[in-house]
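Welcome! Take a look at the model below, and then let us walk through it together.

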Amino acid sequence: MCRWITGVQLTELYVDTVGKEDYYQDKLERLFPQLKIVVTSKADVKFPIVSAASICAKVTSCCHMLLLAFPLRGDIVGRLRGTMCSTS
């Protein structure tokens with residue numbers, strides 16, 4: 001489930017890649033010419049913001065997997081209330 005955030009002015013994009021950095025750099029620069037784009041391996045080590053985004057993505061993924069695995073279990077859903085996994 002994706003929700004677009006309004007009012008955010010994106011100016012930079014950092015991509016952690018495995019493979020052809022130049023290929024993805026060129027492709028993204030053509031798609032988003034207004035952005036400063038950095039495509040590199042180990043971006044999570046080089047740029048703290050990439051590390052933070054990676055942690056957020058993993059937590060979000062874990063939460064969704066829990067909710068998918070136990071959709072009707074009140075005890076699981078109850079424990080998630082007030083956490084990053086909260087659906088309410």
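In this predicted model, β1, α1 and β2 form a β-α-β unit that is right-handed. Strand β1 covers residues 12–16 and runs parallel to β2, with 5 bridges joining the two. One of the places to see this pairing is Tyr14, whose bridge partner in β2 is Val38.

Strand β2 spans residues 36–40, and 4 of its 5 residues are buried, so the strand is largely enclosed by the rest of the structure. In a regular strand, side chains alternate between the two faces of the sheet.

Now to the helix of the unit. Helix α1 is made of residues 21–31, and Gln25 is found in it. Is Gln25 buried or exposed? With a relative accessible area of 16%, Gln25 is buried, because buried means under 20%. Which residues does Gln25 touch, leaving aside those up to four places away in sequence? They are Ile37, Val38 and Val39. A polar atom of the Gln25 side chain also lies 2.6 Å from the backbone oxygen of Ile37.

Stepping back, the protein chain has 4 helices and 2 strands. Starting at the N terminus, the order of the elements is β-α-β-α-α-α. The chain has 88 residues, of which 16% count as buried. About 7300 Å² of the protein chain is exposed, and carbon and sulfur atoms supply 63% of that area. Among the contacts with a separation of 6 or more, 35% are between residues 24 or more positions apart.

The aromatic rings come next. There are 2 aromatic pairs. In one of them, the ring centres of Tyr14 and Phe47 are 4.7 Å apart and the planes are at 45 degrees, so this pair is tilted. The pair links distant parts of the chain, 33 residues apart: Tyr14 belongs to strand β1, while Phe47 sits in the loop between α2 (43–46) and α3 (48–69). Tyr23 and Tyr24 also form an aromatic pair, with 5.1 Å from centre to centre and 80 degrees between the planes, an edge-to-face arrangement.

Here is how accessible the residues of these pairs are:

| Residue | Relative accessible area | Class |
|---|---|---|
| Tyr14 | 23% | partly exposed |
| Phe47 | 24% | partly exposed |
| Tyr23 | 45% | partly exposed |
| Tyr24 | 37% | partly exposed |

To return to Tyr14, this residue takes part in the tilted ring pair with Phe47 and is also the bridge partner of Val38, one of the residues that Gln25 touches.

Note on methods. Residues are numbered from 1 along each chain as its sequence is written. This is a predicted model: local features need pLDDT of at least 70, side-chain atom pairs count only at pLDDT 80 or more; totals for chains, interfaces and linings use all residues. Side-chain values use heavy atoms; hydrogens and water are left out. Buried means under 20% relative accessible area, exposed over 50%, partly exposed in between (1.4 Å probe, protein chains only). A polar contact is a pair of N or O atoms within 3.5 Å; within protein, one must be able to donate a hydrogen and the other to accept it, and residues adjacent in sequence count only if both atoms are side-chain atoms. Contact means heavy atoms within 4.5 Å. Two strands pair if DSSP finds at least two bridges between them. A crossover is right-handed if, with the strands pointing away from the viewer, the path from the first strand over the helix to the second runs clockwise. Accessible areas come from the Shrake-Rupley method with a 1.4 Å probe; for residues, only the protein chains shown count as cover. Rings of Phe, Tyr and Trp (its six-membered ring) pair if their centres lie within 6.5 Å; planes under 30 degrees apart count as stacked, over 60 as edge-to-face and the rest as tilted.
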